[in-house]
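Welcome! Here are some exercises to work through with the model on screen. Try each task before reading its solution.

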Amino acid sequence: MKVTALAGGVGGAKLLIGLDQLEADTTAIINTADDAEMYGVHVCPDIDICTYWLAGLADTERGWGLQDDSFEVIDALGKLGVEDWFRLGDRDFATCLRRTDLLASGETLTGATELIRRALGVQMALIPMSDDPVRTRIGTTDGRTLDFQEYFVKHRCEPGVAEVRFAGIADAKPAPGVIESIRSADLVVICPSNPVVSIGPILALPEIRETLIEHPRVAGVSPIIAGAALKGPAAEMLGAQGEEVSAAGVAKLYSDLLDVFVVDLADRDHTHAIEELGIDVRVTDTVMTDAAASLRLASSLL
Ligand code: FO1
């Protein structure tokens with residue numbers, strides 16, 4: 001069975017862990033709109049989170065970065081007067097240096113992602129959503145425009161969100177293999193990642209939404225459980241966009257392309273509202289507390 005999964009950060013990585021344990025041939029298409037140039041290197045937080053989780057190297061407690069990483073380089077940079085709020089670990093730095101070198105020598109982000117995932121022993125195919133730069137910018141209610149990592153890490157998601165923009169999206173194309181992997185998949189899975197800033201940029205690329213609408217089997221998993229996100233600012237961002245902060249609200253955002261939506265047991269009351277959108281609903285435990293829970297959810301999707 002061929003599965004193509006659209007994924008962002010931790011919610012995506014956790015479901016990929018489950019899919020990776022199955023007899024399925026899975027390709028993950030990963031958000032790159034959180035990417036940033038920091039300390040002279042190209043950081044791809046969502047690609048790296050997914051890669052590290054699949055490689056069994058992730059700091060699963062913190063969500064991002066590598067287990068038992070040290071922070072000597074960033075601390076040394078801090079002593080040199082560099083703003084050190086983005087805590088890039090030493091071994092994580094090595095991944096980003098390797099990527100930066102590959103890109104500087106003419107490799108695409110797709111090629112660099114492939115080389116890094118192989119070097120780290122990841123079996124699953126991982127494709128960045130695009131080789132072209134797309135960057136999430138947050139317009140705040142006090143009139144500032146922040147890069148995503150500034151909003152997310154430096155300001156801890158505290159500023160009110162007035163607008164979310166994806167700079168560069170108009171000129172970006174899906175990476176090679178993205179459209180083909182959706183078309184040829186028996187099942188497309190939309191992971192329980194932030195619908196605005198993780199899945200949103202993937203869907204905003206040309207041709208992706210149309211290809212998903214045409215696909216007969218697109219299943220999503222709600223990242224909102226009982227009106228809140230397990231991690232990150234998804235609830236605040238949905239609210240800021242005037243969307244309902246609930247499983248049904250997320251289903252509405254995806255209603256043109258979803259065939260099935262999987263919601264948590266806590267949201268069984270939303271079943272009727274989602275079915276009214278023409279989407280089948282499955283209710284199950286969607287909280288992925290460990291690899292066994294990820295496997296259970298992935299198996300039920302298949
Ligand atoms: N998140 C934080 O909350 N604080 C950090 O200092 C931080 C550093 C960091 C370094 C590398 C990396 O790949 C991710 C990092 N993240 C950090 C996570 C990242 O900002 C977000 O998880 C994603 O952009 C959202 O999916």
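**Exercise 1.** Find what joins the side chains of lysine 173 and aspartate 132.

*Solution.* Step one: the two side chains meet in a salt bridge, at 3.6 Å from N to O; the term stands for a side-chain nitrogen of Lys or Arg within 4 Å of a carboxyl oxygen of Asp or Glu. Step two: place the partners. Lysine 173 sits in the loop between strand S8 (161-167) and helix H7 (178-183), and aspartate 132 in the loop between S5 and strand S6 (135-140), so this pair, 41 residues apart, links distant parts of the chain. Step three: check the cover. Lysine 173 is exposed at 54% relative accessibility, while aspartate 132 is partly exposed at 23% (buried is under 20% relative accessible area, exposed over 50%, partly exposed in between; 1.4 Å probe, protein chains only).

A note on the model: it is predicted, with local features needing pLDDT of at least 70 and side-chain atom pairs pLDDT 80 or more, while totals for chains, interfaces and linings use all residues. Residues are numbered from 1 along each chain as its sequence is written, and side-chain values use heavy atoms, leaving out hydrogens and water.

**Exercise 2.** Work out how arginine 117 and glutamate 114 are placed in helix H5.

*Solution.* Step one: both lie in H5 (residues 109-119), three residues apart, about one turn of the helix. Step two: their side chains form a salt bridge of 2.9 Å, N to O. Step three: arginine 117 is buried at 10% relative accessible area, whereas glutamate 114 is partly exposed at 23%.

Methods: Helices (H or I, at least four residues) and strands (E, at least two) are DSSP runs, numbered from the N terminus.
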